[in-house]
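Here are some short exercises to work through with the structure open beside you. Try each task before you read its solution.

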Amino acid sequence: MEDAVRLVLATGEFLEYSFAECDFHAEGCDSAIDYTLYDGNYEEKDGGQMDYSSEKTNYENLEDAIPDIIMFALNISRENIPSYYII
């Protein structure tokens, strides 16, 4: 992924994501973020796209989306977001 943010999660997983370049989205959404979740050996575990409404959620930069993309990729609540650092 070009211009991607790469995170190391306290779970031992890696998360890589970037703004998507596409013109199709889920209903009510006009933007998206592509992501790939890797296991501790950096083997692809999951991936996909998180659609969002830029009117409701205006990410100025990729780092603004960190909590939301972690919650989406791991399918967890905000209270369960693991610690992480950017690589």
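**Exercise 1. Aromatic pairs**

Task: In this predicted model, how many aromatic pairs does a search of the whole structure find, and what kind of pair do Tyr 38 and Tyr 42 form?

Solution. Start with the count: the search turns up 4 aromatic pairs. Next, look at Tyr 38 and Tyr 42, whose ring centres are 4.2 Å apart with 10° between the planes. Planes under 30 degrees apart count as stacked, so this pair is stacked. Now bring in a third ring: ring pairs join Phe 14, Tyr 38 and Tyr 42 into a cluster.

**Exercise 2. Buried or partly exposed?**

Task: Sort Tyr 38 and Tyr 42 into buried or partly exposed.

Solution. The cut-off you need is 20% relative accessible area, with buried residues under it. Tyr 38 has 13%, so Tyr 38 is buried. Tyr 42 has a relative accessibility of 37% and therefore counts as partly exposed.

**Exercise 3. Another tyrosine pair**

Task: Which kind of pair do the rings of Tyr 52 and Tyr 59 form?

Solution. Find the two ring centres, which are 4.7 Å apart. Then take the angle between the planes: at 65°, the pair is edge-to-face, because an angle over 60 degrees is called edge-to-face. Both Tyr 52 and Tyr 59 are buried.

**Exercise 4. Salt bridges**

Task: List the 3 salt bridges and say where the partners sit in the chain.

Solution. Take them one at a time.

- Arg 6 and Glu 16 meet through their side chains, with 3.0 Å from N to O. Arg 6 is in strand 1 (residues 5-9) and Glu 16 in strand 2 (residues 14-19), 10 residues apart. At 31% relative accessibility Arg 6 is partly exposed, whereas Glu 16, at 7%, is buried.
- Lys 45 and Glu 13 have their closest N and O atoms 2.3 Å apart. Lys 45 belongs to strand 4 (residues 44-52) and Glu 13 to the loop between strand 1 and strand 2, so this bridge ties together parts 32 residues apart in sequence. Glu 13 is buried, at 10% relative accessibility.
- Asp 68 and Arg 78 also meet in a salt bridge, at 3.0 Å from N to O. Asp 68 lies in helix 1 (residues 66-74), and Arg 78 in the loop between helix 1 and strand 5 (84-86). Arg 78 counts as partly exposed, at 47% relative accessibility.

**Exercise 5. The hairpin**

Task: How do strand 3 and strand 4 pair, and where does Tyr 42 sit?

Solution. Follow strand 3 (residues 31-38) and strand 4: they pair in the antiparallel sense over 8 bridges. At one of these positions, Ser 31 has Tyr 52 as its bridge partner, and Tyr 38 stands opposite Glu 44. The two strands make a hairpin with 5 residues between them, and Tyr 42 lies in the turn with a positive phi of about 60°.

**Exercise 6. The sheet and the helix**

Task: What is the strand order of the open sheet, and why does one side of strand 4 and of strand 5 lack a neighbour in the sheet?

Solution. Walk across the 5 strands: the order is 4-3-2-1-5, with antiparallel pairing. Strand 4 and strand 5 stand at the edges with a single partner strand each, so each has one side without a neighbour in the sheet. On average, neighbouring strands are turned by 20° against each other, direction ignored. Finally, add helix 1, which packs on the sheet and touches strand 1, strand 2, strand 3, strand 4 and strand 5. The direction of helix 1 makes about 60° with that of strand 3.

Definitions and conventions. Residues numbered from 1 in each chain as written. Predicted model: local features only at pLDDT ≥ 70, side-chain atom pairs only at ≥ 80, totals over all residues. Heavy atoms only, no water. Phe/Tyr/Trp six-rings, centres within 6.5 Å; stacked < 30°, edge-to-face > 60°. Buried < 20%, exposed > 50% of the residue type's maximum accessible area, 1.4 Å probe, protein only. Salt bridge = Lys/Arg side-chain N within 4 Å of Asp/Glu carboxyl O. Helix = DSSP H or I, 4+ residues; strand = E, 2+ residues; numbered from the N terminus. Pairing = 2+ DSSP bridges. Axes fitted to C-alpha atoms, helices over the stretch in contact; angles between N-to-C directions. Contact = heavy atoms within 4.5 Å.
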